[in-house]
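Student: Could you take me through one part of this model at close range? I would like to look at the sheet and what surrounds it.

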Amino acid sequence: MKTTKSMKWIDVPTRTIDVGGVPFAYRELGPTGGVPVVFLHHLMAVLDDWDPRIIDGIAARHRVITFDNRGVGGSGGSVPPDVEEMGRDAVAFIRAMGLEKVDLFGFSLGGGVAQMVVLQAPELVRRIVLAGTGPRGGGGIKEINKVAVKAYVKSALTLKDARTFLFFPRDANGKRAAKDYLARLKERTQNRDEKVSRQARRAQLKAIRAAGLHAPDDLSVITQPVFVANGDHDLMVASSNSADMARRMPNARLNIYPNSGHGGVFQYHREFVPEVLEFLNG
C-alpha cells in the first residue's frame, strides 16, 4: 500500500481549502489509496483535540482526514446552531476535497453530524464509526448545558481540564486515563490550531440541545455498516442512547467498554483502534 510519507499526527501540517467561499482548516495523513476516513469532532474541539493514538493507529492503514467544520478553530464563518446545517457543511467539505466515497468517524457531537451526513448524502458514505454519541431525540441529550456547566465549574475550581470530569470516571483508573489522554493532546507543540471561539461554543451547545429535543430520525434507512462504541457510564450521552441507536440501524454492531465514560474509546484506545481497523477492512 502506497503511503505519502512517514509522518505522525503531531507533525502533520494544517492546510485550508475553499468551501463555498469559506476557508476550512484540515489535516491529512496515511496511505493515499482506498477510501479515506473523515473525522468529525466533539463539542468545543479543534484539530489538536484528536487523540494522536487514535489518529496514528487508523492512519497506519487508511488515509485520515480531519477538519474544523464551519466556524470552528482555523475555519472561517460561524458555527450554525443545528446539526443538520453542520451536516451540510461537512458534506460540502467532503465534496470540495474531491472525494466520492468516504468512511466517517464521528465522536460525540461529531457522531450526530455524521448521522446527518449519511442521511443527507448516503451515496458518499461507505462505513461509519460512531463513538460516544447517540441519536437525535435521545433521552437526556437536551440536558447538555447543565452537564457542561457543572463540569466547567469543577474545572475552574480545580484548575483541571473539564474533560477530566466529562470524559472519564473518577476512580483510580479513570483519573489515570484522563491524565494520559490530556498529556497526549499536548504532544504537538508547534503549529497548533486556533482555539474554539465563544460563538462556536454557544452555537454547538444550542445545536446539541436542539438535537435532544428533536423528533427521532428514521435510522433504519442507514444501511451502511456502522460500528457504535461508548463507555458503560457516559455522563454526556447516556450509554443507553448508543445502544438504542445501534438497535435502530439494520447493519450496526455495538461495543460498550467497561468502567469508562464518554471518552471510553480514548481510555481503551489500545483495544479500540484494532477493532476499528477490522471494521473498516471488513
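Tutor: Happy to; here is a walk across the sheet, strand by strand. Keep in mind that this is a predicted model. The sheet is open and has eight strands in the order β1-β2-β4-β3-β5-β6-β7-β8, with mixed pairing. At its edges stand β1 (15–19) and β8, each with a single partner strand, so one side of each has no neighbour in the sheet. On average, neighbouring strands are turned by 25° against each other, direction ignored.

Let us begin with β2 (residues 22–29), the strand that holds Glu28. The side chain of Glu28 makes a polar contact of 2.8 Å with that of Arg63. Beyond its close sequence neighbours, Glu28 also touches other residues, including Val12, Ile65 and Met97.

Next come β3 (residues 37–40) and β4 (residues 64–67), which pair in parallel through three bridges. Here Phe39 has Thr66 in β4 as its bridge partner. Helix α10 (residues 269–281) packs on the sheet and touches β3, β5 (102–107), β6, β7 and β8. The direction of α10 makes about 160° with that of β6.

Phe39 also belongs to the largest nonpolar core, which has 90 residues; Phe39, Phe105 and Phe272 are among those that touch the most other members. Phe105 is in contact with both Phe39 and Phe272.

At the far end, β7 (residues 226–231) and β8 (residues 252–257) run parallel, joined by six bridges. Val226 stands opposite Ala252 there. Together with helix α8 (residues 239–248), β7 and β8 form a right-handed β-α-β unit.

Definitions and conventions:
Residues are numbered from 1 along each chain as its sequence is written. This is a predicted model: local features need pLDDT of at least 70, side-chain atom pairs count only at pLDDT 80 or more; totals for chains, interfaces and linings use all residues. Side-chain values use heavy atoms; hydrogens and water are left out. Two strands pair if DSSP finds at least two bridges between them. Helices (H or I, at least four residues) and strands (E, at least two) are DSSP runs, numbered from the N terminus. A crossover is right-handed if, with the strands pointing away from the viewer, the path from the first strand over the helix to the second runs clockwise. A polar contact is a pair of N or O atoms within 3.5 Å; within protein, one must be able to donate a hydrogen and the other to accept it, and residues adjacent in sequence count only if both atoms are side-chain atoms. Contact means heavy atoms within 4.5 Å. A nonpolar core is a set of buried Ala, Val, Leu, Ile, Met, Phe, Trp, Tyr and Cys residues joined through side-chain atoms within 4.5 Å. Buried means under 20% relative accessible area, exposed over 50%, partly exposed in between (1.4 Å probe, protein chains only). Axes are lines fitted to C-alpha atoms, for helices over the stretch in contact, and angles run from 0 to 180 degrees between N-to-C directions. Lists of a residue's contacts leave out its neighbours within four places in sequence.
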